[in-house]
Amino acid sequence: MASIFTRIIRGEVPCHKLFENELVIAFLDVNPLSPGHTLVVPKQEMAELHMLSPASAAALGAALPLVAAAILKATGATAYNILQNNGAMAHQEVMHVHFHIIPKYEDGRGLAITWKPSAIDHASAAKLATHVKQELCA
Ligand code: 5GP
């Protein structure tokens, strides 16, 4: 079954569209965290970021700064977060890749982040880095 975003891309579901090209569409989030909260979505219907084709990924990378700059100008916001969730455990609700652009305002409107860092374990980090690099070369 087509995702809600595919239905928006097809024009079957209305949206406040901000940008569209052959590979990407951007529209306002229907439940914004702050004014200007936008979703940037590849037309390729894939659930998670690592599944995208290089062409879709590149098109997203090109669209994000363009759309973000326009949102800042239009809203007057000077700060923003980019959020991209993959998997239900990581709070992904719509299983079609999307990037959130979320303006952050002086009064606190925008993305609230709880960040609980821990000190790196250099021995296990070195092993992990070696493993990931092997995967990248595979
Ligand atoms: P996720 O948690 O998957 O990263 O976020 C999905 C986002 O899609 C949510 O912020 C939600 O408000 C938005 N969304 C879900 N359905 C629709 C829709 O039909 N139209 C628009 N514009 N946004 C939607």
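Helices (H or I, at least four residues) and strands (E, at least two) are DSSP runs, numbered from the N terminus. The structure is a predicted model, in which local features need pLDDT of at least 70 and side-chain atom pairs count only at pLDDT 80 or more, while totals for chains, interfaces and linings use all residues. Residues are numbered from 1 along each chain as its sequence is written, and side-chain values use heavy atoms, with hydrogens and water left out.

**Exercise 1. State the order of the elements and the overall dimensions of the protein.**

Step 1. The protein has 3 helices and 5 strands.
Step 2. Read from the N terminus, these elements follow the order α-β-β-β-α-β-β-α.
Step 3. Along the principal axes, the C-alpha atoms fill a box of roughly 50 × 40 × 25 Å.
Step 4. Of the 138 residues, 33% count as buried; buried means under 20% relative accessible area, exposed over 50%, and partly exposed in between (1.4 Å probe, protein chains only).

**Exercise 2. Describe the shell of residues around the ligand.**

Step 1. A residue is near the ligand if one of its heavy atoms lies within 4 Å of it. Of the 16 residues around the ligand, Asp-29, His-91, Glu-93, His-98 and His-100 come nearest.
Step 2. The shell divides into 8 nonpolar, 6 polar and 2 charged residues. In this scheme Ala, Val, Leu, Ile, Met, Phe, Trp, Tyr, Cys and Pro are nonpolar, Asp, Glu, Lys and Arg are charged, and the others, Gly among them, are polar.
Step 3. At least two shell residues come from each of α1 (4-9) and β2 (24-28), and α1 gives the most, with 3 residues.

**Exercise 3. Identify polar contacts of the ligand and the extent of its cover.**

Step 1. A polar contact is a pair of N or O atoms within 3.5 Å; within protein, one must be able to donate a hydrogen and the other to accept it, and residues adjacent in sequence count only if both atoms are side-chain atoms.
Step 2. A side-chain N or O atom of Asp-29 lies 2.5 Å from an oxygen atom of the ligand.
Step 3. Two backbones also take part: an N or O atom of His-91 is 2.7 Å from a ligand oxygen, and one of Leu-28 is 2.9 Å from a ligand nitrogen.
Step 4. On its own the ligand has 530 Å² of accessible area, of which the protein covers 83% (Shrake-Rupley method, 1.4 Å probe).

**Exercise 4. Locate Asn-85 and explain why it counts as buried.**

Step 1. Asn-85 lies in the loop between β4 (79-83) and β5 (99-104).
Step 2. Asn-85 counts as buried because its relative accessibility is 13%.
Step 3. The Asn-85 side chain reaches the backbone oxygen of His-91 at 3.4 Å.
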